[in-house]
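Q: Could you walk me through how to read strands, cores and cavities in a model like this one?

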Amino acid sequence: MSEVKRNAITKLAKLQYGLWFALAIAIVSCGTEYTPKPKGYNRIDLPAQTYRPLGQAHPYTFEYSSHAKVRPDSSMIAQPHWIHIIYPTMGADVQLTYKDIQGNQKALNNMVEDARKLTGKHQIKAYAIEEAEIKTPTGDIASVFELEGEVPSQFQFYVTDSTKHFLRGALYFRTATQNDSLAPVIEFIKKDVVHLLNTLKWQERK
């Protein structure tokens with residue numbers, strides 16, 4: 001056998017071996033299960049919780065977060081003493097609405113019913129709504145609602161002295177971020193709301 005023919009056979013054998021090796025690698029790769037990477041969220045650094053007095057001419061006063069700003073409600077349906085507690089760096093907004101009961105028990109019952117209906121509207125997306133009662137240092141009873149799931153409002157409450165004042169609040173986020181990633185911020189603001197309720201005092205009109 002000539003040297004040229006021997007070299008040609010050797011090259012052909014190497015080529016066939018390379019093709020079989022590549023095919024074997026491809027088959028093994030196809031049988032390997034793909035493991036998706038766990039979902040990651042951006043880190044959220046939260047500041048220390050500090051508070052300051054409301055200091056405005058409303059029938060109520062309380063302490064709110066030093067990291068928030070208070071703005072009047074500018075919506076078409078806004079009534080006197082409706083305000084927003086806005087957290088600019090967190091995209092959060094606690095909306096407060098106030099009603100004067102004027103000693104009308106029927107009106108109070110309607111306000112409570114309306115507050116519960118507004119919370120209940122989120123049942124379509126919420127997979128859990130937990131209700132609890134908080135007795136404030138002044139003796140008022142506040143009902144708080146924690147909503148779980150991809151809902152626009154994760155925390156709501158109402159508080160009344162049962163004779164003159166009714167205050168309702170709801171937390172909203174002006175962002176499309178999923179609630180799982182917002183959990184630390186939600187917990188942060190929930191503590192602020194509890195502090196608000198514990199420092200809430202009614203002010204009589206002069």
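A: Sure. Start with the rule for pairing: two strands pair if DSSP finds at least two bridges between them. Keep in mind that this is a predicted model.

Q: Okay, so in which sense do β9 and β10 pair, and over how many bridges?
A: Strand β9 (residues 155–160) runs antiparallel to β10, with five bridges between them. For one register point, look at Tyr158, which stands opposite Arg168 in β10. The hairpin of these two strands has four residues between them, and there Ser162 takes a positive phi near 75 degrees.

Q: What about the pairing of β6 with β10?
A: That one is antiparallel too, and β6 (residues 92–100) pairs with β10 over nine bridges. Here Ala92 is the residue that stands opposite Phe173.

Q: Why is β10 described as largely enclosed by the rest of the structure?
A: Buried means under 20% relative accessible area. Eight of the nine residues of β10 (residues 165–173) are buried, so the strand is largely enclosed by the rest of the structure.

Q: Now the core. Which residues of the largest nonpolar core touch the most other members?
A: The general idea is that in soluble globular proteins, nonpolar side chains tend to be buried together. In this model the largest nonpolar core has 33 residues, and Tyr60, Phe62, Ile85, Tyr87, Leu96 and Ile189 touch the most other members. At least two residues of this core come from each of β5, β6, β8 (141–149), β9, β10 and α3. Its largest share, eight residues, is supplied by α3. Apart from it there's another core, of ten residues, including Ile101, Val112, Leu147 and Val151.

Q: What does Leu96 touch, not counting residues up to four places away in sequence?
A: Among its contacts beyond that window are Phe62, Trp82, Ile85, Phe157, Leu167 and Leu196. Arg168 is also one of them, and you've met Arg168 already, opposite Tyr158.

Q: And how do I look for cavities? How many of 30 Å³ or more are there?
A: Rolling a probe the size of a water molecule over the atoms shows where empty space is left. Here the count is one cavity of 30 Å³ or more, and the largest cavity has a volume of about 50 Å³.

Q: Which residues line the largest cavity?
A: The lining is Tyr64, Ser65, Ile85, Tyr87, Val94, Asp192, Val193 and Leu196. By type, that divides into six nonpolar, one polar and one charged. β3 (63–65), β5 (83–87) and α3 (179–199) each supply at least two of the lining residues, and the largest share, three residues, comes from α3.

Technical notes:
Residues are numbered from 1 along each chain as its sequence is written. This is a predicted model: local features need pLDDT of at least 70, side-chain atom pairs count only at pLDDT 80 or more; totals for chains, interfaces and linings use all residues. Side-chain values use heavy atoms; hydrogens and water are left out. Buried means under 20% relative accessible area, exposed over 50%, partly exposed in between (1.4 Å probe, protein chains only). On a 1 Å grid over the protein atoms alone, a cavity is a set of points where a 1.4 Å probe fits but cannot get out, and a pocket is an open set with protein on both sides within 12 Å along at least five of seven lines; lining residues have an atom within 4 Å of a point. Grid points are joined across faces, edges and corners, and a volume is the space filled by probe spheres set on the points. Ala, Val, Leu, Ile, Met, Phe, Trp, Tyr, Cys and Pro count as nonpolar, Asp, Glu, Lys and Arg as charged, and the others, Gly among them, as polar. A nonpolar core is a set of buried Ala, Val, Leu, Ile, Met, Phe, Trp, Tyr and Cys residues joined through side-chain atoms within 4.5 Å. Contact means heavy atoms within 4.5 Å.
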